[in-house]
Amino acid sequence: MLQKGDLFPDFKLENQDGDMISNEIIKGSKAILYFYPRDNTPTCTQEACDFRDNLAYFNDLDIKVYGISGDTKRKHQNFVNKLDLNFDLLVDKDYKLSEATGVYQLKKMFGKESMGIVRTTFIVDEDGVIMDVIEKVKVKTQIDEIKSIIGG
């Protein structure tokens with residue numbers, strides 16, 4: 001798992017509209033890159049809504065927000081439209097970025113093991129250096145935790 005002080009990996013991923021978003025595009029601004037397991041599940045929906053409802057706060061600080069999962073562009077489009085999301089969701093369908101960051105891991109659910117994204121949030125500075133990592137995200141308190149990290 002990448003840690004505070006590490007350089008966030010190079011990436012180029014499609015967003016819900018088919019536009020390519022890369023680390024080069026987001027350089028020059030701070031960014032929150034949050035990895036989540038799947039669109040349209042209760043916890044992932046709550047997390048996305050929390051970011052949506054706090055986006056003006058992050059925009060005022062010139063911080064961009066990106067959600068990242070292995071879902072398809074179409075699933076992301078539906079999720080964005082259903083929840084009226086105001087930030088990009090990125091498609092990591094082959095889990096290359098998830099693997100590079102260390103968030104694609106063996107998970108246990110209901111006694112079954114499978115590989116998947118472990119909910120994790122990276123806060124990255126203008127140069128692409130990781131300012132902080134929130135592992136084992138608690139969705140109910142995540143926004144407040146991020147605000148305390150960035151000094152809000």
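## Close-up views of a predicted model

**View 1. Aspartate 17 sits in the loop that runs between strand E1 (12-15) and strand E2 (20-22).** Keep in mind for this and every other panel that the model is predicted. Leaving out residues up to four places away in sequence, aspartate 17 touches Lys73 and Gln77. Helix H4 covers 73-83, so both of those partners belong to H4 by their numbering. Cysteine 44 is another matter: it is 27 residues from aspartate 17 in sequence, and the two C-alpha atoms are 20 Å apart in space.

**View 2. The whole protein, for orientation, has six helices and nine strands.** For 152 residues, a compact globule would have a radius of gyration near 15 Å, and the 14 Å found here agrees with that. Along the principal axes, the C-alpha atoms fill a box of roughly 40 × 30 × 30 Å. Of the 152 residues, 47% count as buried. The protein exposes about 8,000 Å², and carbon and sulfur atoms supply 47% of that area. Take the contacts between residues at least 6 apart in sequence: 64% of them join residues at least 24 apart. As for charge, there are 21 positive and 26 negative side chains, with the centres of the two sets 7 Å apart.

**View 3. Helix H2 takes up residues 42-53.** Twelve residues at 1.5 Å each should span 16 Å, and the end C-alpha atoms of H2 are indeed 16 Å apart, so the expected and modelled spans agree. The buried residues of the helix are Cys44, Glu47, Ala48, Cys49, Asp50 and Phe51. Together they pack against quite a list of elements: strands E3 (30-35), E4 (63-69) and E8 (120-124), plus helices H3 (55-60), H4 (73-83) and H6 (139-150).

**View 4. Glutamate 47 is a buried acidic residue in helix H2.** Its relative accessibility is 1%, which is why glutamate 47 counts as buried. Setting aside neighbours within four places in sequence, glutamate 47 is in contact with Tyr34, Tyr36, Arg119, Thr121, Val137, Val139 and Gln142. Two of these partners, Tyr34 and Thr121, get panels of their own next.

**View 5. Tyrosine 34 belongs to strand E3.** With a relative accessible area of 0%, tyrosine 34 is buried. Beyond its neighbours within four places in sequence, tyrosine 34 has contacts with three residues of H2 that are on the buried list, namely Glu47, Ala48 and Phe51. Its other partners are Val65, Tyr66, Gly67, Ile68, Phe87, Leu89, Thr120 and Thr121. Threonine 45 is eleven residues from tyrosine 34 in sequence, and their C-alpha atoms are 13 Å apart.

**View 6. Threonine 121 lies in strand E8.** This residue is buried too, at a relative accessible area of 0%. Along the chain, threonine 121 and phenylalanine 35 are 86 residues apart, yet their C-alpha atoms are separated by 6.1 Å. Apart from neighbours within four places in sequence, threonine 121 is in contact with Ile32, Leu33 and Tyr34, with Glu47, and with Asp132, Val133, Ile134, Val137, Gln142 and Ile146. So glutamate 47, tyrosine 34 and threonine 121 turn up in each other's contact lists.

**View 7. Aspartate 84, in the loop between H4 and strand E5 (88-91), has a positive phi.** The value is near 55 degrees, and the residue is not a glycine. Aspartate 84 is exposed, its relative accessible area being 60%.

**View 8. Tyrosine 95, in the loop between E5 and helix H5 (96-101), also has a positive phi.** Here phi is about 60 degrees, again in a residue other than glycine. Tyrosine 95 is partly exposed, with a relative accessible area of 22%; the cut-off for buried is under 20%.

**View 9. Lysine 136 is in the loop between strand E9 (130-134) and H6.** Its relative accessible area is 70%, and lysine 136 is exposed. Valine 65 is 71 residues away from lysine 136 in sequence, with 19 Å between the two C-alpha atoms.

Note on methods:
Residues numbered from 1 in each chain as written. Predicted model: local features only at pLDDT ≥ 70, side-chain atom pairs only at ≥ 80, totals over all residues. Heavy atoms only, no water. Helix = DSSP H or I, 4+ residues; strand = E, 2+ residues; numbered from the N terminus. Rg over C-alpha atoms; globule rule 2.2 N^0.38 Å. Buried < 20%, exposed > 50% of the residue type's maximum accessible area, 1.4 Å probe, protein only. Contact = heavy atoms within 4.5 Å. Areas by Shrake-Rupley, 256 points an atom, 1.4 Å probe, with all protein chains shown as cover. Lys, Arg positive; Asp, Glu negative; His and termini not counted. Charge placed at Lys NZ, Arg CZ, Asp CG, Glu CD. Expected span 1.5 Å × (residues − 1).
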